[in-house]
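The following note is offered to a colleague who is meeting this structure for the first time. The points are numbered so that each may be checked in turn against the coordinates.

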Amino acid sequence: MTRMKKILLDESEMPRQWYNLTPDLLSPLNPPLGPGGKPITPEMLAPVFPMNLIEQEVSQDRWIDIPEEIRNILVQWRPSPLVRAYELEEALGTPAKIYYKNESVSPAGSHKPNTAIAQAWYNKQFGIKRLTTETGAGQWGTALSYAGALLGLEVKVFMVRVSFDQKPFRKLMMQTWGGKCVASPSTETQAGRNILEKYPDTPGSLGIAISEAVEAAVTDPTGQTRYSLGSVLNHVMLHQTIIGLEAKKQLAKVGIKKPDIVIGCCGGGSNFAGLAFPFIYDKVNGADIQVIGAEPFSCPTLTKAPFIYDHGDVAEMTPLLPMYSLGHNFIPAPIHAGGLRYHGMAPLVSAALKDGLMEAQAIHQSECFEAGLLFSKTEGIIPAPETTHAIASAIREAKKAKEEGKEKVILFNFSGHGLMDLVGYDKYMTGQLSDYEYPESEIASNLEKLKGYPLPK
Ligand SMILES: *Cc1c(COP(=O)(O)O)cnc(C)c1O
């Protein structure tokens with residue numbers, strides 16, 4: 001009999017609700033704080049986000065219905081396959097059963113369209129015509145451009161200058177879907193013009209691009225533009241939980257009541273939350289599941305940073321968020337997993353770590369690329385550099401299971417493919433990559449600047 005490699009659900013089995021972790025946290029979420037240290041109100045966010053998404057952002061409801069129109073778009077690639085990594089298991093000689101949720105099958109090649117489609121739909125419902133956003137390596141810009149095409153919204157992406165010049169293919173994907181992609185800093189905003197006047201040759205930064213995207217949204221005189229963020233916020237985590245909810249149904253199909261270990265890589269936290277939160281729900285209700293967030297040693301937010309209030313961006317435009325943070329002035333080393341270089345972490349993921357509902361692992365990029373190559377040569381799919389962190393962590397756990405002689409079930413999120421990131425693989429294969437551990441002293445000096453900020457409870 002042919003072995004069952006892919007566990008599939010049909011369209012009618014796709015989840016009809018998203019799961020919100022907020023009401024199940026052991027201690028209540030600290031609120032975001034505005035200027036003066038006071039909790040921000042929904043009205044204060046209204047120029048930036050549509051009210052229906054702000055309602056989701058602050059919702060205490062455990063289950064939130066996925067509108068049928070959104071489900072009718074998600075079926076362009078969902079439900080995504082759950083895959084048994086037989087070839088990887090054989091290469092490792094492990095008794096563990098390794099499963100991965102393959103989010104690379106989306107049109108943009110990652111999990112990001114799960115929230116891009118939902119956000120575009122809610123904006124459209126609210127009468128919004130145009131979305132702005134920033135993008136570093138380009139994954140979020142491509143996902144939002146795809147969503148804009150499907151929902152008939154104009155999408156404007158401010159792409160960090162250095163990536164705009166070095167990564168033309170992501171920009172071309174955005175343009176193919178009708179997204180407008182400009183290099184940031186641009187001459188289209190006051191923030192951009194100010195920077196260009198002082199530093200005409202600047203490579204740009206995510207902080208500058210965020211400032212430009214927010215300014216472009218709030219200064220539209222028609223009031224029909226809003227800003228969109230691809231990770232970190234509560235509503236983004238919510239939209240991604242469809243990943244874990246599908247995975248549960250798929251495991252049940254092969255008779256697995258619960259995995260022993262659940263793993264995701266962590267940048268802003270959204271793909272991790274998407275897979276893990278529905279299993280954390282079981283954990284809160286008594287199930288014995290180890291949940292691991294994997295991150296780079298060079299950006300050790302979960303493993304080395306303190307739990308504090310910090311801005312989400314370098315320009316200090318965002319409210320203060322309760323999260324593990326390396327300091328908003330953190331300058332990341334140029335490692336190849338661009339999506340994992342964020343200084344902070346989603347407040348919901350931060351709260352889960354604080355509550356002991358998950359643990360974290362830091363991994364060097366050479367171990368990750370080695371894992372990525374082994375995965376490519378066994379399972380066939382070339383992973384995104386971000387995704388290789390989850391693979392490396394799964395391999396560590398599979399080796400541990402071998403030493404212990406235990407037949408554990410390991411589940412990880414395959415957040416995206418690496419077909420646009422082959423330059424990173426080239427650098428690794430030609431010996432040009434080095435490992436970098438972010439020093440404690442640097443974290444301490446970044447955090448100096450945050451003295452006097454309020455502290456979360
Ligand atoms: C953006 C991205 C990430 C990191 O973002 P999260 O919000 O932490 O999920 C990870 N993997 C891939 C493929 C990405 O595109």
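**Notes on the predicted model**

1. Helix α10, residues 206-218, lies across the strands β6, β7, β8 and β9, and its direction makes an angle of about 170° with β6. The structure under review is a predicted model, and the remarks below should be read accordingly.

2. The strands beneath this description belong to one open sheet. Its 4 strands follow the order β8-β7-β6-β9, with parallel pairing. The edges are held by β8 (180-184) and β9 (225-227); each has a single partner strand, so one side of each is left without a neighbour in the sheet. Direction ignored, neighbouring strands of this sheet are turned by 25° against each other on average.

3. Two pairings of β6 deserve attention. Strand β6 (residues 130-135) pairs with β7 in the parallel sense over 6 bridges, while 3 bridges join β6 to β9, again in a parallel run. Arg130 can serve as a landmark for both pairings: it stands opposite Glu154 in β7 and opposite Thr225 in β9.

4. Is strand β7 mostly covered or mostly open? Of the 7 residues in β7 (residues 154-160), 6 are buried, and the strand is therefore mostly covered, a residue counting as buried if 20 or more other C-beta atoms lie within 10 Å of its own.

5. A second open sheet contains 7 strands, in the order β1-β4-β5-β15-β10-β11-β14, and its pairing is mixed. Here β1 (6-7) and β14 (359-363) stand at the edges with a single partner strand each, so one side of each has no neighbour in the sheet. At the β1 edge, the pairing with strand β4 (residues 82-84) is antiparallel and extends over 2 bridges. Within β4, Leu82 is the residue that stands opposite Ile7.

6. Helix α13 is associated with this second sheet. It lies across β5 (97-102), β10 (261-265), β11 (290-296) and β15 (409-414), and runs at about 155° to β10.

7. The same helix also meets α12. Two packed helices are described by the angle between their axes and the distance between the axes. For α12 (residues 242-253) and α13 (residues 270-284), the axes come within 6 Å and cross at roughly 60°. That angle makes α12 oblique to α13, and the crossing is right-handed.

8. Which residues make the contact between these two helices? On the α12 side they are Ile243, Gly244, Leu245, Ala247 and Lys248; on the α13 side they are Gly274, Leu275, Ala276, Phe277, Pro278 and Phe279. By class, the residues of this contact divide into 8 nonpolar, 2 polar and 1 charged.

9. Two cis peptide bonds should be inspected. One runs from Arg78 to Pro79, with omega near -15°; Pro79 is found in the loop between α3 (68-74) and β4. Another joins Ser184 and Pro185, with omega of about 5°; Pro185 lies in the loop between β8 and α9 (190-198).

10. The backbone at Val232 also merits a check. Its phi is near 70°, a positive value in a residue other than glycine. Val232 is placed in the loop between β9 and α11 (234-240). Is Val232 buried or exposed? Val232 is buried, because 22 other C-beta atoms lie within 10 Å, where 20 or more suffice.

11. Lys449 lies in the segment after α19 (440-448). With 12 other C-beta atoms within 10 Å, Lys449 is exposed. When its neighbours within four places in sequence are left aside, Lys449 is in contact with Gly327 and Asn329. The C-alpha atoms of Lys449 and Asp310 are separated by 10 Å, although the two residues are 139 residues apart along the chain.

12. Gln125 belongs to helix α5 (residues 113-125). Gln125 counts as partly exposed, with 14 C-beta neighbours inside 10 Å. Between its C-alpha atom and that of Asn52, 73 residues away along the chain, the separation is 8.5 Å.

Key:
Residues numbered from 1 in each chain as written. Predicted model: local features only at pLDDT ≥ 70, side-chain atom pairs only at ≥ 80, totals over all residues. Axes fitted to C-alpha atoms, helices over the stretch in contact; angles between N-to-C directions. Parallel < 35°, antiparallel > 145°, perpendicular 65-115°, else oblique. Left-handed = near helix turned anticlockwise from the far one by under 90°. Contact = placed C-beta atoms within 7 Å. Nonpolar A, V, L, I, M, F, W, Y, C, P; charged D, E, K, R; others polar. Pairing = 2+ DSSP bridges.
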